[in-house]
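Work through the exercises below with the structure open beside you. Try each task before reading its solution.

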Amino acid sequence: MKHHAAEQDEYHDIRDAVAKLCAQFPGEYWRKLDREMAYPKAFVDALTEAGYLSVLIPEEYGGAGLKLSAAAAILEEIQRAGCNGGGCHAQMYTMGTLLRHGSDEQKAKWLPKIASGELRLQAFGVTEPTSGTDTTSLKTFAKKDANGDYVVNGQKIWTSRAEYSDLMILLARTTPKDQVTKKTEGLSVFLVDMREARGNGLEIRPIRTMMNHATTEVFFTDMKVPKENLIGEEGKGFRYILSGMNAERILIASECVGDAKWFIAKASAYAKDRTVFGRPIGQNQGIQFPIAKAYANMRAAELMVKEATRKYEAGMDCGAEANMAKMLAADASFEAANACIQTHGGFGFAEEYDVERKFRETRLYQVAPISTNLILSHLAEHVLGMPRSY
Ligand SMILES: Cc1cc2nc3c(=O)[nH]c(=O)nc-3n(C[C@H](O)[C@H](O)[C@H](O)COP(=O)(O)OP(=O)(O)OC[C@H]3O[C@@H](n4cnc5c(N)ncnc54)[C@H](O)[C@@H]3O)c2cc1C
């Protein structure tokens with residue numbers, strides 16, 4: 001593929017270095033993990049040691065203090081190389097909640113250890129089984145005790161990487177929904193030290209899924225969270241979580257662009273190589289066009305990711321662009337995945353080509369971390385001004 005995003009941005013060196021690191025983790029590495037549903041520990045350790053997971057942490061706290069576009073370039077390259085950032089990408093965006101809304105003491109206590117890799121902040125507990133996308137209806141409750149500390153009861157689902165994380169950003173109700181004037185009030189964010197909490201009111205149960213994702217459900221039974229671990233003001237947590245969503249959308253969109261590039265490169269190479277009826281299958285326009293179309297859609301999505309990133313970095317409101325970038329990039333990666341599997345014919349279904357694995361992995365982005373419907377509803381209501389549906 002001629003186009004390389006490195007032609008367009010300032011991150012040539014980072015992109016090349018990430019690609020080099022990823023080359024040490026080829027298809028066989030991921031296939032074995034996929035079969036065993038095992039966590040990519042060696043890969044995550046290598047990224048941590050190289051400092052890639054802490055690029056967004058300011059230098060004063062031991063990170064590289066780079067812009068969001070640098071993190072986006074790293075995640076894109078990981079996916080483009082056929083690897084998967086799902087085992088560790090959350091650290092990049094959940095850390096922002098602490099950085100933006102934590103006190104100076106909290107930042108000084110936690111961020112340097114997260115930057116050095118001593119502590120992993122990979123778990124993000126928002127989704128619950130009964131409330132789903134309707135976040136403000138979540139039921140996990142953190143009740144203040146006589147000392148002002150909190151006692152948490154409830155359950156989360158799809159808390160990815162919880163078994164491989166030391167800390168969790170947790171969203172819980174601190175005032176019942178029927179006692180607040182706005183349903184978005186009365187929710188609070190906590191930094192849970194899972195090293196202390198596991199076995200002391202925190203139970204983690206893995207969920208086996210379509211792809212290897214180390215996701216879990218977590219149960220809280222009288223789990224104690226010290227008052228020092230409340231982030232920001234009590235009751236304002238929903239706003240804090242929302243404020244991190246644009247960065248999350250942009251980073252996930254970059255992963256999707258990386259996936260799309262992997263599928264397109266893989267499909268074009270195979271189309272040139274595979275000979276049927278005495279000529280390469282890629283000589284047939286029926287094979288060429290779906291790949292070319294996927295390429296055009298990937299490039300369009302990539303432009304939207306860049307526009308969302310530009311606005312984000314300029315401190316402008318980028319809610320619409322970040323959401324569109326995530327949706328368009330997830331669509332582009334899935335379209336490319338589909339073209340890739342079709343180009344490979346029967347071999348697309350064979351484990352050893354990695355196509356079916358990446359196909360399963362990229363399918364997730366239609367649903368998580370935000371589903372396509374919810375993005376469309378955001379655009380319809382907040383950008384186009386149509387009536388609220390919920
Ligand atoms: C592998 C995996 C990892 C995840 N990791 C995390 C994590 O680390 N932390 C975390 O908190 N969550 C995580 N999630 C949860 C994820 O964010 C949710 O699954 C996603 O937001 C959708 O919510 P839901 O599953 O509850 O679907 P529901 O809310 O039950 O919705 C089901 C379907 O109905 C649609 N729908 C719902 N309401 C409307 C509406 N008003 N209009 C139109 N359509 C609607 C949805 O779009 C969806 O397609 C993960 C999920 C998966 C599968």
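The exercises that follow concern aromatic rings, charges over rings and the ligand in this predicted model.

**Exercise 1. Classify the ring pair of Phe25 and Phe43, and place both residues in the chain.**

Solution.
- Step 1: Take the distance. The ring centres of Phe25 and Phe43 are 5.2 Å apart. Pairing requires centres within 6.5 Å, and Phe25 and Phe43 form an aromatic pair.
- Step 2: Take the angle. The planes are at 75°. Angles over 60 degrees count as edge-to-face, and that is the class of this pair.
- Step 3: Locate the partners. Phe25 is in the loop between helix 1 (12-23) and helix 2 (27-36). Phe43 is in helix 3 (residues 41-49). The two are 18 residues apart, and the pair links distant parts of the chain.
- Step 4: Check the burial. Both Phe25 and Phe43 are buried.
- Step 5: Widen the view. Phe25 and Phe43 form one aromatic cluster with Tyr29 and Trp30. The count of aromatic pairs comes to ten.

**Exercise 2. Do the same for Phe334 and Phe359: which class of pair do they form?**

Solution.
- Step 1: The centres of these rings lie 5.3 Å apart.
- Step 2: The planes of Phe334 and Phe359 meet at 50°, so the pair is tilted.
- Step 3: Phe334 belongs to helix 11 (residues 319-343) and Phe359 to helix 12 (residues 355-363), so the pair ties together parts 25 residues apart in sequence.
- Step 4: Phe334 has a relative accessible area of 22%. Buried means under 20% and exposed means over 50%. Phe334 is therefore partly exposed.

**Exercise 3. Find the rings that Arg205 and Lys358 lie over.**

Solution.
- Step 1: Start from Arg205. Its charged end sits over the ring of Phe219, 4.2 Å from the ring centre.
- Step 2: Turn to Lys358. This residue lies over the face of Trp262, at 5.4 Å from the ring centre.

**Exercise 4. Describe the surroundings of the ligand: which residues come nearest, and how much of its area is covered?**

Solution.
- Step 1: List the neighbours. There are 19 residues around the ligand, and Phe124, Thr127, Thr133, Trp158 and Ser371 come nearest.
- Step 2: Sort the shell by class. It has ten nonpolar, eight polar and one charged residues.
- Step 3: Look at the polar atoms. A polar side-chain atom of Thr133 is 2.4 Å from a ligand oxygen atom. The side chain of Ser160 has an N or O atom 2.8 Å from a ligand nitrogen atom. Pro369 places a backbone N or O atom 3.1 Å from an oxygen atom of the ligand.
- Step 4: Read the cover. On its own, the ligand has 970 Å² of accessible area, and the protein covers 66% of that.

Note on methods:
Residues numbered from 1 in each chain as written. Predicted model: local features only at pLDDT ≥ 70, side-chain atom pairs only at ≥ 80, totals over all residues. Heavy atoms only, no water. Phe/Tyr/Trp six-rings, centres within 6.5 Å; stacked < 30°, edge-to-face > 60°. Helix = DSSP H or I, 4+ residues; strand = E, 2+ residues; numbered from the N terminus. Buried < 20%, exposed > 50% of the residue type's maximum accessible area, 1.4 Å probe, protein only. Lys NZ or Arg CZ within 6 Å of the ring centre and 35° of its normal. Near = heavy atom within 4 Å. Polar contact = N/O pair within 3.5 Å; in protein donor to acceptor, adjacent residues only side chain to side chain. Areas by Shrake-Rupley, 256 points an atom, 1.4 Å probe, with all protein chains shown as cover. Nonpolar A, V, L, I, M, F, W, Y, C, P; charged D, E, K, R; others polar.
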